[in-house]
Amino acid sequence: MGIAVSPQIHPQVADFIEKPRKMLINGKWVNSISGKMFPTYNPATGEVLAQVAEGDRADIDEAVKAARKAFDQGPWRRMTASERGRVIWKLADLLEAHTEEFGYLESLDNGKPLAIAKAADVPLAVDLFRYMAGWATKIEGNTIPISVPYTPGAKYLAYTMREPVGVAGQIIPWNFPLLMAAWKLGPALACGCTVVLKPAEQTPLSALRLGELIMEAGFPDGVVNIVPGYGETAGAALAAHPDVDKIAFTGSTEVGKLIVHAAAGNLKKVSLELGGKSPNVVFKDADLDLAIPGAASAIFFNHGQCCCAGSRLYIEKPIFDSVVEGVADYAKKITVGSGLDPETQMGPLVSQEQLNRVCGYLEAGFSEGATALTGGKKKDAGGYFVEPTVLVNTREDMKVVQEEIFGPVVAAMPFDDPEEILPRANNSDYGLAAAVWTKDICKAHRTAEYLRAGTVWINCYNIFDAALPFGGYKQSGWGREMGHDALSLYTQTKAVCTKIA
């Protein structure tokens, strides 16, 4: 594992972060009412990257007022579905034209490699907006033949309408800042909702730059409002606000439960995409040329800061040594460094807090008897770096097996009998994702059927598409994002009945 060196910052990005960033409310860039600012840090160096307006309850209140007025009185609802779709598509075009800039912003603010941000995060966000732009004209109701036995001889025309739910509060995480903004904004806007978006305090920059493109694309004032701030102030105020009709949250299960309690005041609709501890099952008949790099990518992609990371690696005993050694060899070759360096394959964790969290789990694992086949400690490189780690001698009752680490740490465990693996794989509070590696297609689909997870990959991992719904079972959340399913999060059904004879 080498250390890469950070190069020069992109000129347009340097200009953007040089000035204190304001919040977007009712089509205007404004300071926080309190006048407070907070720093966002470069995780590759630990140095302050930019200063950002710190929103709190008062700012959330102003943003919700703007979103409510835009929904109830503004032109957004009066636009045809086709017009809304065209505005969303224009946003996608603008984002695509600024791919390089957003790649640098994501890399600086989050730490991820620039090449990955440009090849995955930005294009996936563009594709999501285009996909949802197409749905704007396809949100339909139904005509329903009804009988009404207590009015014999009468005839009725009955139909349903799918209507926007109203003002949506959206709280996004720091691991995929731009992409999570797209996942939230795309379906809400396609359905005709207005939005108050709170980006993660660790990574607000790409959402704020996206706000500039939203204005350029022609969204009416108040349709999208962006209020950076801390979760316990701005986020809590948004979740509890009585004039917000729906709250959407991506983040930890612990905070998700707080969101549910906060939303109970006015019984607003809630969708949650939460934590995971995803099982990755490798059977002895798997193609190891695919399974080994696949298992490595499953945990080391995005520095392991991925809610669906394959952090529990179950390997059938005859091939256990071959697979764990292969994954460890893969880990040893990963170049860790600044995301802006073209040689970097894994950047830093997002913050000092996250670094402390991951290192704490490593210490807990070692104290309970786990050993590191490779990695196992932080790297002293000036930022928030940790070594990609493969743990063996792990058991089901260990913290590193049961709890979400959210870092590049995989716990590998052998199994003897294919029949035993399903209860072990399902032995988790989470159910976000899972994977199966085998050449036996019948075994693959039988296993996929019994895995309690919202997504199951077979002989692949981390395959995402705007048309493919994503979400979790159990404590991994409520609802599905992306795909047609996402529209149900931002619409409600109205039944209309007319007597015609």
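Where is Asn459 found? I looked there first, in what is a predicted model. Asn459 sits in the loop that runs between strand E22 (455–458) and strand E23 (473–474). I noted a positive phi of about 55 degrees for Asn459, although it is not a glycine. Most residues other than glycine have a negative phi. I also checked the exposure of Asn459: its relative accessible area is 33%, so I entered it as partly exposed.

I then looked up Asn393. Asn393 also has a positive phi, of about 55 degrees, and is not a glycine. I placed Asn393 in the loop between strand E18 (389–392) and helix H13 (399–402).

Next entry: the open sheet. I counted seven strands in the order E15-E18-E19-E13-E12-E21-E22, and the pairing is mixed. Strand E15 (371–374) and E22 are the edge strands, since each pairs on one side only. I recorded an average turn of 25 degrees between neighbouring strands of this sheet, direction ignored. Within the sheet I followed strand E12 (residues 279–282) and strand E13 (residues 312–316), which run parallel and are joined by four bridges. Opposite Pro279 I found Arg312 in E13.

Which helix lies across E12, E13, E15, E18 and strand E19 (409–415)? I found helix H11 (residues 320–332) there, running at about 65 degrees to E15.

I turned to the hairpin of E4 and E5. Strand E4 (residues 37–42) pairs with strand E5 (residues 47–53) in the antiparallel sense, and I noted six bridges. For Met37 the bridge partner in E5 is Ala53. Four residues lie between the strands of the hairpin, and Gly46 there takes a positive phi near 80 degrees.

Then a helix pair. Two packed helices are described by the angle between their axes and the distance between the axes. For helix H5 (residues 114–135) and helix H6 (residues 177–191) I wrote down axes that come within 9 Å and cross at roughly 5 degrees. An angle under 35 degrees counts as roughly parallel, and so H5 is roughly parallel to H6. On the H5 side I listed Asp121, Val122, Leu124, Ala125, Leu128, Phe129 and Met132. These meet Leu178, Leu179, Ala182, Trp183, Leu185, Gly186, Pro187 and Ala190 in H6. By class, the residues of this contact of H5 with H6 are 13 nonpolar, one polar and one charged.

How many aromatic pairs does a search of the whole structure find? I entered ten aromatic pairs. One pair I looked at is Trp457 and Phe464: the ring centres are 5.7 Å apart and the planes stand at 85 degrees, so the pair is edge-to-face. Is Trp457 buried or exposed? Trp457 is buried, because its relative accessible area is 5% and buried means under 20%. Phe464 has 23% relative accessibility and therefore counts as partly exposed. I also recorded one aromatic cluster, formed by Trp183, Trp457, Tyr461, Phe464 and Phe470. Trp183 had already come up among the H6 residues that meet H5.

Last entry: Glu353. I placed Glu353 in helix H12 (residues 352–367). Its relative accessible area is 60%, so I marked Glu353 as exposed. I then checked Glu353 against Tyr384, 31 residues apart along the chain, and found the C-alpha atoms separated by 9.1 Å.

Conventions. Residues numbered from 1 in each chain as written. Predicted model: local features only at pLDDT ≥ 70, side-chain atom pairs only at ≥ 80, totals over all residues. Heavy atoms only, no water. Pairing = 2+ DSSP bridges. Helix = DSSP H or I, 4+ residues; strand = E, 2+ residues; numbered from the N terminus. Buried < 20%, exposed > 50% of the residue type's maximum accessible area, 1.4 Å probe, protein only. Axes fitted to C-alpha atoms, helices over the stretch in contact; angles between N-to-C directions. Parallel < 35°, antiparallel > 145°, perpendicular 65-115°, else oblique. Contact = heavy atoms within 4.5 Å. Nonpolar A, V, L, I, M, F, W, Y, C, P; charged D, E, K, R; others polar. Phe/Tyr/Trp six-rings, centres within 6.5 Å; stacked < 30°, edge-to-face > 60°.
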